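The exercises below ask the reader to work from a set of coordinates towards a description, one step at a time. Each task is followed by a solution that can be checked against the structure shown here.

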Amino acid sequence: MLQQIFSLFSTEDSHAAWGGLVLPQLLVCLHYQLHELESANVQNLTCPDLGVAVRKYFQGIMSYLQEKKHRPCAWEVVRREIEERLFLIDRELREEAASEES
């Protein structure tokens, strides 16, 4: 999922939507998280439905951006949506780690 997010925000359309440091900071953060996951050598759970769900999620995002003609406000909606999803994933992982320690 992080790779999909990184790819999405690495497109030329995303660069056109934002100026300044916001996008580069996001990309650096995502790159760091991807590197950390790779170096941790975390084993993924096998779940065939998960790949399909993630693909559909990002297809929906791409359709939304195309419908809104990649306007900056649409990119902001997408950024907030993904930020919320990352927060939820992080919270779930922390809760899971805490329950494993108990």
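How many salt bridges does the count come to? The model is a predicted one, and with a cut-off of 4 Å between a side-chain nitrogen of Lys or Arg and a carboxyl oxygen of Asp or Glu, the count comes to five salt bridges.

**Exercise 1. Establish the secondary structure and the share of buried residues.**

Step 1. Assigning the elements gives five helices and zero strands, and reading along the sequence yields the pattern α-α-α-α-α.

Step 2. Taking buried to mean under 20% relative accessible area, one finds that buried residues make up 19% of the 102 residues in the chain.

**Exercise 2. Find which residues of helix α1 are buried, and decide how they are arranged around its axis.**

Step 1. Helix α1 covers residues 2-9, and Leu2, Ile5, Leu8 and Phe9 are buried in it.

Step 2. Looking down the axis of α1, one sees these buried residues fall within an arc of 125°, and they therefore line one face of the helix.

**Exercise 3. Trace the salt bridges around Glu83, and classify the residues that take part by accessibility.**

Step 1. As a general premise, side chains of opposite charge can pair when their charged atoms come close.

Step 2. Glu83 forms a salt bridge with Arg79, in which the closest N and O atoms are 3.3 Å apart; both residues lie in helix α5, with a spacing of four residues, or about one turn of the helix.

Step 3. Arg80 also forms a salt bridge with Glu83, and here the closest N and O atoms are 3.3 Å apart, while the spacing within helix α5 is three residues, again about one turn of the helix.

Step 4. For the accessibilities, Arg79 has a relative accessible area of 19% and is therefore buried, whereas Glu83, at 38%, counts as partly exposed, and Arg80, at 48%, likewise counts as partly exposed.

Step 5. A further salt bridge is formed by the side chains of Glu84 and Arg85, at 3.7 Å from N to O; Glu84 is partly exposed with a relative accessible area of 43%, and Arg85 is partly exposed at 28%.

Step 6. Following the partners that salt bridges share, one arrives at one network that joins Glu76, Arg79, Arg80 and Glu83.

**Exercise 4. Identify the residues in the patch of negative charge on the surface, and place one of them in its helix.**

Step 1. The patch of negative charge on the surface is where Glu92, Glu95, Glu96, Glu100 and Glu101 gather.

Step 2. Taking Glu95 as the example, one finds it in helix α5, which spans residues 72-101.

Step 3. Glu95 has a relative accessibility of 45%, so it counts as partly exposed.

**Exercise 5. Examine the backbone of the loop between α4 and α5 for positive phi values.**

Step 1. The expectation to set beforehand is that most residues other than glycine have a negative phi.

Step 2. Lys69, which is not a glycine, has a positive phi of about 55°, and Lys69 lies in the loop between α4 (48-67) and α5.

Step 3. His70, also not a glycine, has a positive phi of about 55° and lies in the loop between α4 and α5.

Step 4. With a relative accessible area of 61%, Lys69 is exposed, whereas His70, with a relative accessible area of 22%, is partly exposed.

**Exercise 6. Determine the C-alpha separations that link Lys69 and Ser14 to residues elsewhere in the sequence.**

Step 1. Lys69 and Asp13 are 56 residues apart along the chain, and their C-alpha atoms are separated by 9.6 Å.

Step 2. Ser14 belongs to helix α2, residues 12-17, and is buried, since its relative accessible area is 0%.

Step 3. The C-alpha atoms of Ser14 and Leu65 are separated by 9.9 Å, with their positions 51 residues apart along the chain as the sequence offset.

Notes: Residues numbered from 1 in each chain as written. Predicted model: local features only at pLDDT ≥ 70, side-chain atom pairs only at ≥ 80, totals over all residues. Heavy atoms only, no water. Patch = residues over 30% accessible without salt bridge, like charges linked within 9 Å, V, L, I, M, F, W, Y side chains within 5 Å. Areas by Shrake-Rupley, 256 points an atom, 1.4 Å probe, with all protein chains shown as cover. Lys, Arg positive; Asp, Glu negative; His and termini not counted. Charge placed at Lys NZ, Arg CZ, Asp CG, Glu CD. Helix = DSSP H or I, 4+ residues; strand = E, 2+ residues; numbered from the N terminus. Buried < 20%, exposed > 50% of the residue type's maximum accessible area, 1.4 Å probe, protein only. Arc of directions from axis to C-beta.
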